[in-house]
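User: I should like to understand how some descriptive terms are justified. May we work through them one at a time?

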Amino acid sequence: MKLDTTGMESAAPVWGSHNELVDEFSAAPSFELPNTTDFDGFQKEAIQMVKPAKGTTTLAFIFKEGVMVAADSRASMGGYISSQSVKKIIEINPYMLGTMAGGAADCQFWHRNLGTKCRLHELANKRRISVTGASKLLANILYSYRGMGLSVGTMIAGWDETGPGLYYVDNEGGRLKGMRFSVGSGSPYAYGVLDNGYRYDMSVEEAAELARRAIYHATFRDGASGGVASVYYVGPNGWKKLSGDDVGELHYRYYPVMPSTVEQEMVEVTGA
Amino acid sequence: MARYDRAITVFSPDGHLFQVEYALEAVRKGNAAVGVRGTDIVVLGVEKKSTARLQDSRSVKKIVNLDNHIALACAGLKADARVLINRARIECQSHRLTVEDPVTVEYITRYIAGLQQKYTQSGGVRPFGLSTLIVGFDPYSGVPSLYQTDPSGTFSAWKANATGRNSNSIREFLEKNYKETSGQETIKLAIRALLEVVESGGKNIEVAVMTKEHGLRQLEEAEIDAIAAEIEAEKEAAEAAKKAPPKEK
């Protein structure tokens, strides 16, 4: 197991002492630590600052026809909405998708890296990598960076020789196989709708509608989720984007404004 | 440290790697080994030098498992073989751990061949003095395969092949007599090929059979004797048939 030795170096390193190349044995990356009074607390605080609160809603579920993957598109920095049009569903390769929750850069980079590894596997072994294998590769990478402040909560969804596959992988190095997952600050709301409406034998349209509704409801209640609800479908021939609807428009589609009678209609007062 | 930079395998003026060729010589002096691929079965056979009476024959098994679905036989330096086999076994498990999938025969052959090649291009080491025959079934498609590697690090797939002592005669025999077989027929073909160069008898050859369902199974001496007897009988019948028609004229 690759040990994380960043916390074991001397508390007050001399500035300018370069010991990166000397040790053959400690290959773990390290950074110079500043002189500070609260050494332990400082580390925790730094990790907390770096680790954004995974403000997002993503979900994926397996059903009879394949895998449905959906996500919102809002990026927030605290209370500030930095973007309403972030692509949170990452195309690893034509038959595998990854979802983004947590640090955008971390997710994008490591998914891209995973795509590279999957392609190399294909070239070397003359067969596609399984969803199991791909998710395991990612989980192993994230595990080796455990405690270094990566923030990744992703779902790997794909279709391989054994059929549809769905795995949840996070920055702790955890990896779970499952039929339904939702990740992010809006996930409780999405789970409510998803778990209520889920049936294994749905058609593609029904499943897409369920996914869309779940994302919509999460964006309605969760401030950190919003923008556009994208829905992707992964089938035997690879993934296909089904829809990308603005959640504001979805709101009025699901809850159209009913003209209601008012007690006293205001009449325009004509000029004197 | 500087001593280890001395490469042992270097090119000769006319483009040969003599250490590799000498390693092939070592292989040519090793025990004969033959492998045959059938439609649903793969067979490995190895020549067995008569075991000394006090030796426990169970400790000198020449056909080994790399994983549940892959087996290996080799010709050449047995000590080198042990090292290579251990590395291959670890790689099989490591692959299972990192991708949650058993290795394919091609993958592990590529790994072993890569290892053999590395030792022809490193400082302070000599090449492995053995050629291997690797058989197995693809974990998903169930297709049987037979591969061979050699000290230079090349590998290729075969329908049937032999290595070690007198491998050329065995290969000639296989080329003449090979056809797509399955089950017992494949076993008989492998034993017939081996008996071309080895004295007949169950105690002089070791045969192992691998099927998708049952994995690797070593044949008992009695079984091998029985099949050898069948082969003898068939040979005699063929001889007799050849002699018979002229008489009738």
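Analyst: Thr56(A) is found in the loop between α1 (39-50) and β1 (58-63) of chain A; helices (H or I, at least four residues) and strands (E, at least two) are DSSP runs, numbered from the N terminus. This is a predicted model, in which local features need pLDDT of at least 70, side-chain atom pairs count only at pLDDT 80 or more, and totals for chains, interfaces and linings use all residues. Residues are numbered from 1 along each chain as its sequence is written, chains are lettered from A and ligands numbered from 1 in the order in which they are written, and side-chain values use heavy atoms, with hydrogens and water left out.

User: Why is Thr56(A) called buried?

Analyst: Buried means under 20% relative accessible area, exposed over 50%, and partly exposed in between (1.4 Å probe, protein chains only). Thr56(A) has a relative accessible area of 2%, so Thr56(A) is buried.

User: What makes the link between the side chains of Thr56(A) and Asp72(A) a polar contact?

Analyst: A polar contact is a pair of N or O atoms within 3.5 Å; within protein, one must be able to donate a hydrogen and the other to accept it, and residues adjacent in sequence count only if both atoms are side-chain atoms. The polar contact joining these side chains is 2.9 Å.

User: Why is Asn93(A), in strand β5 (residues 89-93) of chain A, called buried?

Analyst: Its relative accessible area is 10%, and therefore Asn93(A) is buried.

User: Why are α4(B) and α5(B) called oblique to each other?

Analyst: Angles under 35 degrees count as roughly parallel, over 145 as roughly antiparallel, 65 to 115 as roughly perpendicular and the rest as oblique. The axes, lines fitted to C-alpha atoms, for helices over the stretch in contact (heavy atoms within 4.5 Å), give angles from 0 to 180 degrees between N-to-C directions. Those of α4 (residues 167-177) and α5 (residues 184-195) of chain B cross at roughly 140 degrees, and α4(B) and α5(B) are therefore oblique.
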